[in-house]
Amino acid sequence: MLEIKPIQSKSIQKALCEKCSISYIEDAFAYSTYDGDCFLGMSQFTIESGYALIKNLASADGVEDFEAMFILGRAVLNFIDLCSVSTAKIKKDASEERLARAIGFKRGEDGEYLPLSLIGMFDAKCPSHK
């Protein structure tokens with residue numbers, strides 16, 4: 001069964017970053033996804049003044065599970081929304097483009113991802129998110 005959960009320990013966060021071949025970010029929040037005991041991937045993100053920034057949305061080395069990573073990405077966005085932060089950004093190299101687009105991000109003319117409004121995304125009150 002797929003499970004998405006926050007990473008509570010910085011030592012575990014660091015170890016999981018190594019399994020995804022990404023840099024550990026000490027001041028970042030982190031979420032992980034598992035299928036039973038099998039680690040599938042993780043995300044690190046920060047909450048800044050007025051927005052959240054997804055720094056990584058990465059699969060574990062050798063793992064390809066798009067659906068699990070999609071659910072992880074949406075869970076991260078939902079957590080950000082529950083923190084009363086209404087805008088999310090994602091680093092250009094945080095994930096593969098297909099995944100970033102699937103969770104809601106779009107690229108601007110300069111190639112960078114545009115900020116994503118979370119208003120109504122998780123409460124079905126916004127017509128563009130139904």
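Here are two short exercises, with worked solutions, on the predicted model shown above.

**Exercise 1: The cysteines**

Find out how many disulfides the structure has, and check Cys17 and Cys20 for burial.

*Solution*

Step 1. Let's recall the chemistry: a disulfide is a covalent bond between the sulfur atoms of two cysteines.

Step 2. To count as a disulfide, two cysteine sulfur atoms must lie within 2.5 Å. For Cys17, the nearest cysteine sulfur belongs to Cys20 and is 6.9 Å away. Cys20, in turn, has the sulfur of Cys17 as its nearest, again at 6.9 Å. Neither Cys17 nor Cys20 is in a disulfide, and searching the whole structure gives zero disulfides.

Step 3. Now for burial, where the cut-off is under 20% relative accessible area. Cys17 has a relative accessibility of 1%, so this residue counts as buried. Cys20 has 6%, so Cys20 is buried too.

**Exercise 2: The neighbours of strand β3**

Work out which strands are joined to β3, and in which direction they run.

*Solution*

Step 1. Start with β3 itself, which spans residues 38-47. Eight of its 10 residues are buried, leaving the strand mostly covered.

Step 2. Look at β2, residues 29-35: seven bridges join this strand to β3, and the two run antiparallel. You can spot Thr33 opposite Gly41 of β3. The hairpin of β2 and β3 has two residues between the strands, and Gly36 there takes a positive phi near 65°.

Step 3. Turn to β4, residues 52-59, which is joined to β3 by seven bridges and also runs antiparallel to it. Here Met42 has Ala58 in β4 as its bridge partner. Four residues lie between the strands of this hairpin, where Gly50 has a positive phi near 95°.

Notes:
Residues are numbered from 1 along each chain as its sequence is written. This is a predicted model: local features need pLDDT of at least 70, side-chain atom pairs count only at pLDDT 80 or more; totals for chains, interfaces and linings use all residues. Side-chain values use heavy atoms; hydrogens and water are left out. Buried means under 20% relative accessible area, exposed over 50%, partly exposed in between (1.4 Å probe, protein chains only). Two strands pair if DSSP finds at least two bridges between them.
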